[in-house]
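Q: Please take a close look at a single part of this model, a loop, and then relate that loop to what surrounds it.

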Amino acid sequence: KNYEEFRIHGKQMVDYICDYVKNMDQKTVAPITVEPGFLAPQLAKEVPELPESFQEILGDFEKKIMPGVMHWNHPNFFAYFGAGNAYPSVLGDMLSSGIAAIGFSWASCPALTELETIMLDWYAKALDLPDFFLSKSSNSKSLGGGSIQSSASDAIFACMCSARARAIKKLKGDNLEIHDSVYLPQLVCYASSEAHSSVEKAAKMNLVKLRVIEPDSHDSMRGDALERAIERDIARGLTPFFVVATLGTTSQVAFDNLVEIGVVCKKYPSLWFHVDGAYGGNSFLVPEMRRFKAGMEYVDSFEVNPNKLMMTAFDCTCMWVKNVLTFTEAFAVDPLYLQHQHDTSVVDLRHFGTPLSRRFRSLKLYFMFRMYGLKGLQGYIRRVITMGKHFEKLVKTDERFEIRNDVILGLVCFRLLHPDAINQEFLARMNASGKIHLTPAKVKGKYVIRFVANQENCNEAQIDGAWKTIQQFADELVGEIKP
Ligand code: PLP
């Protein structure tokens, strides 16, 4: 291995990334010139027989591959939820790849297990989560702890899987000869119609029924609607086992009522209460958002994506569970090659989900937390809230538009006061131009356009510029509509 070469190319790569980020605004935000299949004709058909030069490879990347890249951190990218690329997290990723330690057990890389546990404790404290989510090293009475998952979908799947195992064990009692699958038809989980599609996917993968609960007029799932559904299922002889509430729904950043849902979950002790805070959960960094945290004391598991709302590079889903034994009991497999002398005193991270191997992902958080400090991270969350409000104010000045959500964080759902088909055309034209990039959603039965102010340096001038672009497209389209 020639690390002197890496020293040179590594520095060139950092320069390339910095130039990319610095000059991104010169590019169109979306890859509007490419069509499916654009890349294969431009690249070799096979792995090259002989090594090629770094300059040539990077040159081809810039010329052939970059034109197909969507620029998620472009100043005119307001789609989905954001994807962080704060450089401390990129440095953490780089270090993780360079060290290349794999941390499935404490013994396979002690520092990896320990740093991940400590970073999850740091973040739990910064978000003011209940003490029971802390690891033993921060709270000696705790049975809880956390791990980093690849995605919120993975976390939701893993938690549902553990809950399913717990529910089946209870139903089975002493009938150990009965196969677990016999109980699947009676298991039911619950989530709002506004919950992310990963909940439906997790239910499909776990072979259990999903009961969809209609939220209230603010698109918040409430306890009474949940309880009615649970009671109906119990009367049918079914077994409710898992509830998912959301903090910051994907379509419109609505918040479910954790207190009411938690009280219901407590009433039916076999229910596992999971909270999906993929986007909104990160906002508890600032005390003024913690009004949505009430009820967290009832929760069995929780996950947030710092890559969605804390500037951190993907992948980085922080997942906490109240009782790690529910995971180790559900998933533990223990071949000789994974055993080690401390495996009864430390929780190996491999028990938290499907993967065995894991990278040193906590390094991203380690650099983020220390290089921003809590104050820096809070400043970012507050800027996102302010920019969301700023865009909301701008939309309200133009009577051709309406806003369809309660603007709480960086997402504003807006639409022209015209039928859905016109709004669809409106969005299609904006996105096709490459001047701005936005995505749609359905909110209260209407097609809306989602505007997400999310970037690290988002500011009023950037939002004003985007609004001007949106208005220009509206002028053109509305002008074409016959009265
Ligand atoms: N939950 C919510 C509320 C989301 O908005 C999303 C994705 O946008 C997810 C879960 C899934 O996240 P991931 O892409 O990390 O699986």
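A: What follows starts with confidence, goes to the loop around Thr312, and then widens to the domains, the core and the ligand.

The model is predicted. Its scores are ipTM 0.99 and pTM 0.95. The mean pLDDT of the protein is 95, and 99% of the residues reach at least 70. Where pLDDT is low, predicted coordinates should not be read in detail.

Thr312 sits in the loop that runs between helix H9 (306-309) and strand E7 (317-321). Is Thr312 buried or exposed? Thr312 counts as buried because it has 29 C-beta neighbours inside 10 Å, and 20 or more are needed for that label. Leaving aside residues up to four places away in sequence, Thr312 touches Gly84, Ala86, Ser89, Pro306, Asn307, Lys364, Leu365 and Met368. Another pair shows the separation in sequence: Thr312 and Gly82 are 230 residues apart along the chain, while their C-alpha atoms are 10.0 Å apart in space.

The loop between H9 and E7 also holds Asp315. The peptide bond that joins Phe314 and Asp315 is cis, with omega about 5°. Most peptide bonds are trans, and most residues other than glycine have a negative phi.

Two residues in other loops have a positive phi. Ala100, which is not a glycine, has a phi of about 55°; Ala100 is placed in the loop between helix H3 (87-99) and helix H4 (110-126). Ala100 is exposed because 9 other C-beta atoms lie within 10 Å. Asp128 has a positive phi near 60° and lies in the loop between H4 and strand E1 (145-149). Asp128 also counts as exposed, with 12 C-beta neighbours inside 10 Å. For exposure the limit is 12 or fewer. Gly98, in helix H3, is likewise exposed, with 12 C-beta neighbours inside 10 Å. From Gly98 to Ala202 the distance is 33 Å, C-alpha to C-alpha, for 104 residues in sequence.

On the scale of the chain, the domain assignment lists domain 1 (3-83), domain 2 (101-360) and domain 3 (383-480). The C-alpha centres of domain 1 and domain 3 are 29 Å apart. Contact between these two involves 13 residues of domain 1 and 15 residues of domain 3. On the side of domain 1 that touches domain 3, nine residues are nonpolar, four are polar and none is charged.

The largest nonpolar core has 123 residues, and those touching the most other members are Phe78, Ile156, Cys189, Phe241, Phe242, Val243 and Ile261. Helix H11 (residues 362-396) gives the most to this core, 14 residues. Cys189 can serve as an example: not counting residues up to four places away in sequence, Cys189 touches Met160, Ala203, Val208, Leu210, Phe241, Phe242 and Val243.

The last item is the ligand. It is surrounded by 15 residues, of which Ser151, Ala152, Ser153, His196 and Ala278 are the closest. By class, the shell around the ligand consists of four nonpolar, 10 polar and one charged residues.

To return to the loop that was asked about: Thr312 is a buried residue, and the cis bond between Phe314 and Asp315 has omega about 5°.

Conventions:
Residues numbered from 1 in each chain as written. Predicted model: local features only at pLDDT ≥ 70, side-chain atom pairs only at ≥ 80, totals over all residues. Near = placed C-beta within 6 Å. Nonpolar A, V, L, I, M, F, W, Y, C, P; charged D, E, K, R; others polar. Domains from an automatic or database assignment. Contact = placed C-beta atoms within 7 Å. Core = buried A, V, L, I, M, F, W, Y, C linked by C-beta atoms within 7 Å. Helix = DSSP H or I, 4+ residues; strand = E, 2+ residues; numbered from the N terminus. pLDDT = per-residue confidence, 0-100.
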